[in-house]
Amino acid sequence: MAGRAQIPTKNSALIAMIADEDTVVGFLLSGVGDVDLRRKRNYFIVDSKTTVKAIEDAFKDFTTREDIAIVLISQYIANMIRFQVDSYNNPVPAILEIPSKDHPYDPTQDSVLSRVRYLFSAESIASSRY
Amino acid sequence: MHFPPPSRFLGQTGKERVEGAFFFFPSATSSFLLRFPVGDLNRRIPKKKEGSQIAVVQIDYLEGRMSGQGQRLTVVPTVTMLGVMKARLVGATRGHALLKKKSDALTVQFRAILKKIVTTKESMGEIMRASSFALTEAKYVAGENIKHVVLESVKSASLRVRSRQENVAGVKLPRFEHFSDPGAGDTKADLTGLARGGQQIQACRAAHIKAIEVLVELASLQTSFLTLDEAIKTTNRRVNALENVIKPRLENTINYIRGELDELEREDFFRLKKIQGYKKREIERQLQAAKQFAEEQFAEKVSLKKGISINSAHNLLVAGAEKDEDIIF
């Protein structure tokens, strides 16, 4: 239907990461890391000295880049920029919250699952017709 | 004495313009007729261009209904319009049924995806834990420098995702799948852990690749979920709009047109009756006039014959017609 954001059919897209060092290293080992011609990376390492602004900028950068299809973000970092993550509405790139070593996965804080919980408890948007 | 010839009354009734007769009849319908003279019915109401949407909506204030229910479209109340409106109502009804079915199908998909997302997220937690455990092992074995080596060795991504669209119940949902791009710079990463801990490095890599698979699937599910959510909202909005706005409006318009057509018919009937009555009175009046004329002529003849005045001739005739018993004439 017209008016909805078209999801492009892409043949090769990257997976971006915003996480702490260990997680990033692990995934870089598996080969998702990418540095392009302009020395732009598709990962952003967050440590204790990173400012929230820097994280926000990285998030905005990854979500506006066209060659990134998925953004993996650690849950505790997502909590720092919760507002921005929650107000992000495009289907692509997909934002996925992953647990980190020190912070185990907490489903209540996940932005997508919280919508699900709302749906389950409020008897779902899909049946709000009645 | 001047007697009008009968032809003036009997003459051109058939050709008499029907409209001209109305203004003489003060009645309930005349005020309406004065405002809507028959030939000008099309002038008052804006003409609708063929194929365009009727944009004007008339709000029925007379009965003080809620704004959503009293509205009808402003149209010319003709039989053609009635047909058009009926066709549109049929279309709206069918569209409403189809959209409801679509919304139900989408809801079924939605709930299925929801369930899958919940289970996948839980398994993802497990897998992430396993992979970070493998990483710790590798770090322990290969030394702390492994981080710097890996960070340096990043070149071009060898693990990428491909996105394509799937059509589910009429909605295009995205699907991600991961694939390995063999041409990219794998060689540098392969040399990691050459000194020590090579096996752990490989194990760590395998664990992370498995984690990536799960994560890609999860991302697929999540985007499908969001897209379906929006699609369901849009469809429901349309269903509600059809049900609560469009159909009542069309029904009101159809009722209005029917009412207007009935009233026109009644007017016609009323007009017909009035004309009949008028004509009947005309004919009676003419008969009366003719009879009077005939009587006067006869009186003239009698007066001429008998040499008396016309008045006495009249009296004779009238008296003769009365049959007075005393007079033996």
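Val161(B) counts as buried, because its relative accessibility is 0%. The model in which this residue sits is a predicted one. Val161(B) belongs to strand S3 of chain B, and this report starts from that strand and works outwards.

## Around Val161(B)

With residues up to four places away in sequence left out, Val161(B) touches residues of both chains. On the chain A side these are Asn11(A), Ser12(A), Ala13(A), Leu14(A), Ile15(A), Ala69(A) and Ile70(A). On the chain B side they are Glu177(B), His178(B), Phe179(B) and Val216(B). One of these partners, Glu177(B), is 16 residues from Val161(B) in sequence, and the two C-alpha atoms are 5.4 Å apart in space.

Strand S3 of chain B covers residues 159-168, and strand S4 of chain B covers residues 171-180. The two strands run antiparallel and are joined by 10 bridges. Within this pairing, Leu173(B) in S4(B) stands opposite Glu166(B).

S3(B) and S4(B) form a hairpin, with two residues between the strands. Ala169(B) lies in the loop between S3 and S4 of chain B. Its phi is near 50°, which is a positive value in a residue other than glycine. Most residues other than glycine have a negative phi. Is Ala169(B) buried, partly exposed or exposed? With a relative accessibility of 36%, Ala169(B) counts as partly exposed, since the partly exposed class lies between 20% and 50%.

## A strand of chain A

Ile70(A), one of the residues touched by Val161(B), also takes part in strand pairing inside chain A: its bridge partner in S4(A) is Ala94(A). The strands concerned are S3(A) and strand S4 of chain A, residues 94-98, which run parallel and are joined by five bridges. Strand S3 of chain A spans residues 68-74, and seven of its seven residues are buried, so the strand is largely enclosed by the rest of the structure.

## The two chains as wholes

The table sets out some overall values for each chain.

| Chain | Residues | Helices and strands | Buried residues | Share of contacts (separation of 6 or more) between residues 24 or more positions apart |
|---|---|---|---|---|
| Chain A | 130 residues | five helices, four strands | 52% | 62% |
| Chain B | 329 residues | nine helices, four strands | 33% | 72% |

The order of the elements can be read along each sequence. Chain A follows the pattern β-α-β-α-β-α-α-β-α. In chain B, from the N terminus on, the elements run α-α-α-α-β-β-α-α-β-β-α-α-α.

## Helix H8 of chain B and its partners

Helix H8 of chain B, residues 198-306, packs with helix H5 of chain B, residues 79-142. The angle between them is about 165°, and their axes are 4 Å apart. H5(B) and H8(B) are therefore roughly antiparallel to each other, as angles over 145 degrees count as such. Their crossing is left-handed. The residues in the contact of H5(B) with H8(B) divide into 38 nonpolar, 16 polar and 13 charged.

Leu261(B) is found in helix H8 of chain B. Apart from neighbours within four places in sequence, Leu261(B) is in contact with Pro77(B), Thr78(B), Val79(B) and Leu82(B). Val79(B) and Leu261(B) are 182 residues apart along the chain, while their C-alpha atoms are separated by 7.7 Å.

H8(B) also packs with a helix of chain A, namely H1, residues 21-30. How far apart are the axes of H1(A) and H8(B), and at what angle do they pack? The axes are 8 Å apart, and the angle is about 95°. That makes H1(A) roughly perpendicular to H8(B), because angles of 65 to 115 degrees fall in that class. By class, the contact of H1(A) with H8(B) has eight nonpolar, three polar and one charged residues.

The residues of H1(A) in this contact are Gly26(A), Phe27(A), Leu29(A) and Ser30(A). In H8(B) they meet Ile201(B), Cys204(B), Arg205(B), His208(B), Ile209(B), Ala211(B), Ile212(B) and Leu215(B).

Terms used:
Residues are numbered from 1 along each chain as its sequence is written. Chains are lettered from A and ligands numbered from 1 in the order in which they are written. This is a predicted model: local features need pLDDT of at least 70, side-chain atom pairs count only at pLDDT 80 or more; totals for chains, interfaces and linings use all residues. Side-chain values use heavy atoms; hydrogens and water are left out. Axes are lines fitted to C-alpha atoms, for helices over the stretch in contact, and angles run from 0 to 180 degrees between N-to-C directions. Angles under 35 degrees count as roughly parallel, over 145 as roughly antiparallel, 65 to 115 as roughly perpendicular and the rest as oblique. A crossing is left-handed if the near helix is turned anticlockwise from the far one by less than a right angle, and right-handed if clockwise. Ala, Val, Leu, Ile, Met, Phe, Trp, Tyr, Cys and Pro count as nonpolar, Asp, Glu, Lys and Arg as charged, and the others, Gly among them, as polar. Two strands pair if DSSP finds at least two bridges between them. Buried means under 20% relative accessible area, exposed over 50%, partly exposed in between (1.4 Å probe, protein chains only). Contact means heavy atoms within 4.5 Å.
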